[in-house]
Amino acid sequence: MVQPLLEVTQLDVFYGDAQAIWDFSFHVEKDQMVALVGANGAGKTTLLNTISAVLKPSKGRIWFSGEPLAHRKPEDVVTMGISHVPEGRRLFSRLTVLENLELGAFPARTRPFFQESLDRAFRLFPVLKQRMDQQAGSLSGGEQQMLAIARAIMAKPVLLMLDEPSLGLAPVMVKLMFQIIQALNKEGATILLVEQNVYQTLEIADYVYVIKTGKMELEGYGEDLIRNPNFQRAYLGRLG
């Protein structure tokens with residue numbers, strides 16, 4: 001049996017004395033797009049931050065490409081091939097678009113491919129090429145989200161983790177963002193997607209895990225969850 005690219009097993013995570021994640025297990029296969037969905041405060045961001053080594057679990061294990069992530073630093077996780085686009089974008093607002101992209105390519109293994117990665121970023125996000133000398137903080141919300149994703153792919157990730165990429169965007173930009181995520185996946189990026197935009201997420205994800213108050217509530221293929229009455233009532237606003 002082929003080992004998953006990412007395997008999370010029986011994870012417990014605390015914030016101080018408060019437990020945020022309870023015995024949570026899931027995995028992501030290479031080339032898949034896997035989604036974590038749930039309400040605000042369910043623990044989705046906590047899971048991504050734990051995989052990125054920003055938070056440390058109190059129990060459980062995380063393996064990536066056959067290597068344990070325990071005791072790794074966040075910069076080590078990036079070097080191993082995981083890029084994390086956090087909620088809120090976290091750009092360097094006073095730096096230019098190009099300078100933000102240059103910082104994304106800091107892992108030593110990616111530097112020989114800088115121009116190739118830059119060309120790819122500008123192909124996926126043509127508006128960023130037009131704005132390359134503009135300060136990141138002066139971009140629109142949609143353009144800032146594009147820059148955050150472009151900066152992440154400059155590191156040539158094996159796994160791209162996206163936390164609420166459509167949050168706060170206009171409907172036309174939400175549609176474009178989901179198209180971009182699909183394009184990245186089709187080009188070979190394995191994606192772990194956290195989203196509250198549930199219906200669109202179910203349409204594009206290969207597999208979905210539903211998290212509620214830090215615990216696994218449901219899991220399955222998108223088309224199966226859409227037909228699940230409990231899921232419909234809780235997450236799609238359907239009654240009956």
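Is Ser 83 buried or exposed, and what is its relative accessible area? In this predicted model, Ser 83 is buried, with a relative accessible area of 5%. The residue lies in strand E6. Leaving aside residues up to four places away in sequence, Ser 83 touches Ala 152, Ala 155, Pro 157, Leu 159, Leu 160 and Met 161.

Strand E6, which spans 82–85, also takes part in the lining of the largest pocket, to which it supplies at least two residues. This pocket holds about 600 Å³ of space. Its lining comprises 24 residues, and those closest to the pocket centre are Val 78, His 84, Val 85, Pro 86 and Arg 151. Besides E6, four helices each supply at least two lining residues: H1 (44–51), H2 (74–80), H3 (97–104) and H6 (141–153). For readers who like to think in terms of chemical character, the lining divides into 13 nonpolar, six polar and five charged residues.

The second largest pocket has a volume of about 160 Å³. Here 14 residues form the lining, and Lys 56, Pro 57, Leu 69, Ala 70 and His 71 are the closest to the centre. Helix H1 appears again, since H1 and strand E4 (59–64) each supply at least two residues of this lining. The largest share, three residues, comes from E4. By residue class, the lining of the second largest pocket contains eight nonpolar, three polar and three charged residues.

Helix H1, which contributes to the lining of the largest pocket and to that of the second largest, is also home to Thr 46. With a relative accessibility of 8%, Thr 46 counts as buried because this value is under the 20% limit. Its contacts, not counting residues up to four places away in sequence, are Val 13, Tyr 15, Ala 20, Ile 21 and Leu 55.

Attention now turns to the aromatic side chains. Across the whole structure, a search finds four aromatic pairs. One of them joins Tyr 207 and Tyr 209 in an edge-to-face arrangement, at 5.2 Å centre to centre and with 65° between the planes. Tyr 207 is buried at 17% relative accessibility, and Tyr 209 is likewise buried, at 3%. Tyr 207 also pairs with Tyr 221: the ring centres lie 5.1 Å apart and the planes stand at 90°, so this pair is edge-to-face. Why does this pair tie together separate parts of the sequence? Tyr 207 belongs to strand E9 (residues 207–212), whereas Tyr 221 sits in the loop between strand E10 (215–220) and helix H9 (222–226), so the pair connects parts that are 14 residues apart in sequence. Tyr 221 has a relative accessible area of 44% and is therefore partly exposed, as this value falls between the 20% and 50% limits. Ring pairs link Tyr 207, Tyr 209 and Tyr 221 with Phe 24 and Phe 26 into a cluster.

Aromatic rings in this model also meet charged side chains. The charged end of Lys 156 sits over the ring of Phe 113, at 5.3 Å from the ring centre. Lys 215 lies over the face of Trp 22, and here the distance to the ring centre is 4.9 Å.

Technical notes. Residues are numbered from 1 along each chain as its sequence is written. This is a predicted model: local features need pLDDT of at least 70, side-chain atom pairs count only at pLDDT 80 or more; totals for chains, interfaces and linings use all residues. Side-chain values use heavy atoms; hydrogens and water are left out. On a 1 Å grid over the protein atoms alone, a cavity is a set of points where a 1.4 Å probe fits but cannot get out, and a pocket is an open set with protein on both sides within 12 Å along at least five of seven lines; lining residues have an atom within 4 Å of a point. Grid points are joined across faces, edges and corners, and a volume is the space filled by probe spheres set on the points. Ala, Val, Leu, Ile, Met, Phe, Trp, Tyr, Cys and Pro count as nonpolar, Asp, Glu, Lys and Arg as charged, and the others, Gly among them, as polar. Buried means under 20% relative accessible area, exposed over 50%, partly exposed in between (1.4 Å probe, protein chains only). Contact means heavy atoms within 4.5 Å. Rings of Phe, Tyr and Trp (its six-membered ring) pair if their centres lie within 6.5 Å; planes under 30 degrees apart count as stacked, over 60 as edge-to-face and the rest as tilted. A charge sits over a ring if NZ of Lys or CZ of Arg is within 6 Å of the ring centre and within 35 degrees of the ring normal.
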